[in-house]
Protein chains: 2
Amino acid sequence: MLSYFTIDCVIVTFHEGDLKVLLTERNEYPYKDWWSIPGFFVEKGEEMEDAVKRITYEMTGLKDIYMEQLAAFAGVKRHPEGRILTVAYMAFVRYENVKNKVKPITNYMRQAKWFAMADLPELAFDHTDILMLAMKKLKANLSYTLTPYELLPEKFTLTQLQQVYESILGITLDKRNFRKKMVNLGYLKELDECQTGVSYRAARLYKVDRKKFLKLFS
Amino acid sequence: MLSYFTIDCVIVTFHEGDLKVLLTERNEYPYKDWWSIPGFFVEKGEEMEDAVKRITYEMTGLKDIYMEQLAAFAGVKRHPEGRILTVAYMAFVRYENVKNKVKPITNYMRQAKWFAMADLPELAFDHTDILMLAMKKLKANLSYTLTPYELLPEKFTLTQLQQVYESILGITLDKRNFRKKMVNLGYLKELDECQTGVSYRAARLYKVDRKKFLKLFS
DNA sequence: AATATAGTGTGTATTTTTTACACTAATAAA
DNA sequence: TTTATTAGTGTAAAAAATACACACTATATT
């Protein structure tokens, strides 16, 4: 009838060829010293989405992040003190914007750290399930969502885009076929700019045309 | 922090070429006399899935139905008396098994009725949003879920299967291409039986081979 | 017995999409 | 100028999707 109500947020980024997720080390019973997905209670009168924004802001310093609801988890045994219903979200952030801002903010958590998706610690509660579901959804919807472009800088190279696809799908893709296909979709804008600061041939930069994207997929 | 906690369930079936949803007429404030998706409070210590089973059993007389979680809806304004968090589910039932069992069970609802998806009344609360989301998900995942086979009798004709696809997708499909494709997928078992009781050439019956299906999509 | 009715069941050609595959061009650093 | 490193490109083959129309079968009706 009445239940405690929290949100948990899988905060995902992409850095150095790896998909990464932000985890917090708990400093409190239960699962003290375990890593977990950041989450908080939703305040009375607070919208869920605002609670997610609150968390992502506190964890990364970013506002206006892109988020999606994942699912509700409400097993009566997920917390030893009784049911705590959590609505899990996924949020996507650009690593360049966030990298040095991660800090612990409450005394519930000792530290926060980015973990490569392929190298995760054991997680508190049912957070491993939540994370697996997040990855599954990310994978399944990849080609008709804007998530790759939420993970990359606004201007990106096709190689970076391919790396995002590869790390989400967990497979390698053929360079020529990937480029042909992405360019043919028609929602990428080729810019007159190139990468800078690389010690080899600089790659062409692209932007996503969100209007064209939405026209294509809605 | 604490919230009321309900589940709502979009119960879907297929009958006479139409996708149908079971709605209940409310007999209580708020939205008295409005149609709504069936839902109840989740009891203390009760698992969400059991609450859904409870509803679908009370509404249709069926146990062991197939269900999927849709999303949580928790807007602070969705109920005039304050936040009531609901986790929405979708459930799929075979019309042949259920048709005469629909009845009102509580004094909260005056009657229950099947509505064709294309001809819905205005709904209470945010139930129209819930229903639209259900349809969207159903459509998006159609070709890699077993939902069509949860809506049809165990033995079905290819024409019936095509009708399910057409009414979910909202488009008409080419008969020859549809058959070719479904049969080529390899998870349909052609039976040695045909339809009975029709006043024209009886169609071949098929079953789905769930093992082969799962091998294909997992 | 003949006919009407209603849905079943089938093939082929065309287009589109996907896949497989390897070398040259450009740039910065040494 | 040489080396190292990544960018950028085309074509052929296979697979999948699409477009399209008619003869067959079973029953009901007269």
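Q: Before we get to the DNA, which residues count as charged, nonpolar and polar here?
A: Asp, Glu, Lys and Arg are charged; Ala, Val, Leu, Ile, Met, Phe, Trp, Tyr, Cys and Pro are nonpolar; the others, Gly among them, are polar. And keep in mind that this is a predicted model.

Q: Noted. How does the surface near DNA strand C divide by class?
A: Ten charged residues, five nonpolar and four polar.

Q: Which residues come nearest to strand C?
A: Out of the 19 residues around DNA strand C, the nearest are Arg201(A), Thr159(B), Arg176(B), Tyr200(B) and Arg204(B).

Q: And which elements give two or more residues to that surface?
A: From chain A that's α6, residues 175–185, and from chain B it's α5 and α6. The largest share, four residues, is from α6(A).

Q: What about DNA strand D, how many residues surround it and which are closest?
A: There are 20 around DNA strand D, and the closest are Arg176(A), Tyr200(A), Arg204(A), Ser199(B) and Arg201(B). The elements giving two or more residues there are α5 (158–169) and α6 of chain A, plus α6 of chain B.

Q: How do the classes fall on the strand D surface?
A: Ten residues near DNA strand D are charged, five are polar and five are nonpolar.

Q: Those helices keep coming up. At what angle do α5(A) and α6(A) cross?
A: Roughly 100 degrees, and their axes come within 11 Å. That's why α5(A) counts as roughly perpendicular to α6(A).

Q: Who makes that contact?
A: On the α5(A) side it's Leu158(A), Leu161(A) and Gln162(A); α6(A) brings Lys175(A), Phe178(A), Arg179(A) and Met182(A). By class, this contact of α5(A) with α6(A) has two charged residues, one polar and four nonpolar.

Q: Now chain B. What's the packing angle between α5 and α6 there?
A: About 100 degrees for α5 (residues 158–169) and α6 (residues 175–185) of chain B, with the axes 11 Å apart. So α5(B) and α6(B) are roughly perpendicular to each other.

Q: Which residues of chain B touch there?
A: Leu158(B), Leu161(B) and Gln162(B) from α5(B) meet Lys175(B), Phe178(B), Arg179(B) and Met182(B) from α6(B). Four of the residues in the contact of α5(B) with α6(B) are nonpolar, one is polar and two are charged.

Q: What rotation puts chain B on chain A?
A: 180 degrees, with 0.0 Å of shift along the axis, and the superposition has an RMSD of 0.1 Å. So you're looking at the relation of a two-fold axis. Both copies use the same surface, too: 100% of chain B's contact residues recur in chain A.

Q: How many residues are in contact between the two chains?
A: 19 residues of chain B contact 19 residues of chain A. On the chain B side, the elements giving two or more residues are β1 (2–15), β5 (66–73) and β6 (84–92). β1(B) has the largest share of that side, with four residues.

Q: What's the class make-up of that chain B side?
A: Where chain B touches chain A, twelve residues are nonpolar, four are polar and three are charged.

Q: In which sense do the two β1 strands pair, parallel or antiparallel?
A: Antiparallel: β1 of chain A, residues 2–15, pairs with β1(B) over three bridges. Looking for a spot to check? Leu2(A) is opposite Tyr4(B) of β1(B).

Q: Changing topic: where does a cis peptide bond turn up in chain A?
A: Between Tyr29(A) and Pro30(A), where omega is about -10 degrees. Pro30(A) is in the loop from β2 (18–26) to β3 (35–36) of chain A.

Q: And for Tyr29(B) to Pro30(B), is that bond cis or trans?
A: Cis, with omega near -10 degrees. Pro30(B) is in the loop between β2 (18–26) and β3 (35–36) of chain B.

Q: What's phi of Tyr31(A)?
A: Near 60 degrees, so to speak on the positive side for a residue other than glycine. Tyr31(A) is placed in the loop between β2 and β3 of chain A.

Definitions and conventions: Residues are numbered from 1 along each chain as its sequence is written. Chains are lettered from A and ligands numbered from 1 in the order in which they are written. This is a predicted model: local features need pLDDT of at least 70, side-chain atom pairs count only at pLDDT 80 or more; totals for chains, interfaces and linings use all residues. Axes are lines fitted to C-alpha atoms, for helices over the stretch in contact, and angles run from 0 to 180 degrees between N-to-C directions. Angles under 35 degrees count as roughly parallel, over 145 as roughly antiparallel, 65 to 115 as roughly perpendicular and the rest as oblique. Two residues are in contact if their C-beta atoms, placed from the backbone, lie within 7 Å. Two strands pair if DSSP finds at least two bridges between them. A residue is near a molecule or strand if its C-beta atom, placed from the backbone, lies within 6 Å of it. Copies are superposed by least squares on the C-alpha atoms of residues with pLDDT of at least 70 in both.
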